[in-house]
Amino acid sequence: MNVRASSSVSAADFLPPRFSLKSLRAAAAECRACPLYKNATQTVFGRGAAKARLMIVGETPGDKEDLEGEPFVGPAGRLLDEALAAAHTDRKQVYVTNAVKHFKWEPRGTRRLHKKPSAREESACRPWLKAEFEVVRPHVILCLGATAAQALLGRKFRLTRRRGEIMSGEVCDRIIATYHPSAVLRAPDTAARRQMHEALFADVKKAVVASHK
C-alpha cells in the first residue's frame, strides 16, 4: 500500500478495500493520519478472537506495548488478565484493542511517559476502531477508561457517573465503561486502589456475562 502524506486528517484514507483483521493490521502499519506515528516505534493494532463476543477497548498503547507491538502486555495488561480469569475467561476468547493505535509520550529523563491523546488524534484514528467493530461484531464492548468510552459514547460521557452501566451506542447495543487497569495501579492510596480494583473486576465480569446472553 502506498504511504500517503501526513496531511491526511483521517485513517479512512488508509483503510484497505476489503476488511479482515489481517488486512486492517497490515494497512494500519502504514497509517499517517496524525503525527503520533513519528515518535512511535510501531502501530499497535488489536489482537484476539476474530469473532469474539466481547471486545475490550483501551485508550492508547503504553511504553511496553509500543515496543512489543501488542496491546495490554504491560502491568495494566496483567491486571486485565487477572480480571478476565476471575470471570472465567481467557484473553484468547476476547478481542482487545485501543482507541488510538500509536503510543503518545513525553520524555522524563530516560523514561517515556504516557500522554493523553488529543481529540483530533482520537478522531483521526477512529476509522480503525470502527473497522475492527465491523469485522469482529462483538455482542458487548467494554471500555477501559474515560477516553475509550468517549470515543464510542461522545465527549460528554463521564465515567464517574455511568461506570458499570450497560449503555447503547452507535456501534453496539451494549457498551460498558469501567476504570482503566493502569488507573487502578496508580490509585493514590490503598483504600482507593481496593475500591477501584473491586469495581474493575465486577465490571469485567458483568461484560463477560452480558456477552453470553
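pLDDT is the predictor's confidence in each residue, on a scale from 0 to 100. This is a predicted model, and its chain averages a pLDDT of 94, with 96% of the residues at 70 or more. The weak spot to keep in mind is residues 1-8, where pLDDT is below 50; that stretch still has 18 contacts in the model beyond near neighbours in sequence. Here's a quick tour of the aromatic pairs, two residues with charged ends over rings, and a couple of buried spots.

**Phe-45, Trp-128 and Lys-101**

- Searching the whole structure turns up two aromatic pairs.
- One of them is Phe-45 with Trp-128, with ring centres 6.2 Å apart; the planes stand at 90°, over the 60 degrees needed, so this counts as edge-to-face.
- The pair ties together distant parts of the chain, 83 residues apart: Phe-45 comes from the loop between helix H1 (21-28) and strand E1 (47-48), while Trp-128 belongs to helix H4.
- Phe-45 and Trp-128 are both buried.
- Lys-101 sits over the face of Phe-45, 5.3 Å from the ring centre.
- You'll find Lys-101 in the loop that runs between strand E3 (95-98) and strand E4 (105-108).
- Lysine or not, Lys-101 is buried, because its relative accessibility is 1% and the cut-off is 20%.
- The side chain of Lys-101 also has a polar contact of 2.6 Å with the side chain of Thr-97.
- Setting aside sequence neighbours within four places, the contacts of Lys-101 include Phe-45, Trp-128, Cys-125, Leu-129 and Glu-132, plus Gln-42, Thr-43, Val-44 and Pro-61.

**Phe-103, Trp-105 and Arg-112**

- Phe-103 and Trp-105 make up another aromatic pair, this one stacked, at 6.5 Å centre to centre with 25° between the planes.
- The two partners differ in cover: Phe-103 is buried at a relative accessible area of 2%, whereas Trp-105 is partly exposed at 27%.
- Arg-112, from strand E5 (residues 111-114), places its charged end over the Trp-105 ring, 5.2 Å from the centre.
- The Arg-112 side chain also has polar contacts with two aspartate side chains: Asp-63 at 2.7 Å and Asp-66 at 2.9 Å.
- Beyond four places in sequence, Arg-112 touches both members of the stacked pair, Phe-103 and Trp-105; its other contacts include Asn-39, Thr-41, Leu-67 and Glu-106.

**Helix H5 and its cover**

- Helix H5 (residues 146-153) is mostly covered, with six of its eight residues buried.
- Those buried residues are Thr-147, Ala-148, Ala-149, Gln-150, Ala-151 and Leu-152.
- The elements covering them include strands E2 (54-58), E6 (140-144) and E8 (175-178), along with helix H4 (119-136).
- Right after H5 comes Gly-154, which has a positive phi of about 100°.

**Leu-54 in strand E2**

- Leu-54 belongs to strand E2, and its relative accessibility of 3% is why it counts as buried.
- Which residue is 84 places away from Leu-54 in sequence yet 5.3 Å away in space? That's Pro-138, with the distance taken C-alpha to C-alpha.
- Pro-138 is also one of the contacts of Leu-54 once neighbours within four places are left out. Others on that list are Val-94, Tyr-95, Val-140, Leu-142, Ala-207, Val-208 and Ser-211.

Note on methods
Residues numbered from 1 in each chain as written. Predicted model: local features only at pLDDT ≥ 70, side-chain atom pairs only at ≥ 80, totals over all residues. Heavy atoms only, no water. Buried < 20%, exposed > 50% of the residue type's maximum accessible area, 1.4 Å probe, protein only. Helix = DSSP H or I, 4+ residues; strand = E, 2+ residues; numbered from the N terminus. Contact = heavy atoms within 4.5 Å. Polar contact = N/O pair within 3.5 Å; in protein donor to acceptor, adjacent residues only side chain to side chain. Phe/Tyr/Trp six-rings, centres within 6.5 Å; stacked < 30°, edge-to-face > 60°. Lys NZ or Arg CZ within 6 Å of the ring centre and 35° of its normal.
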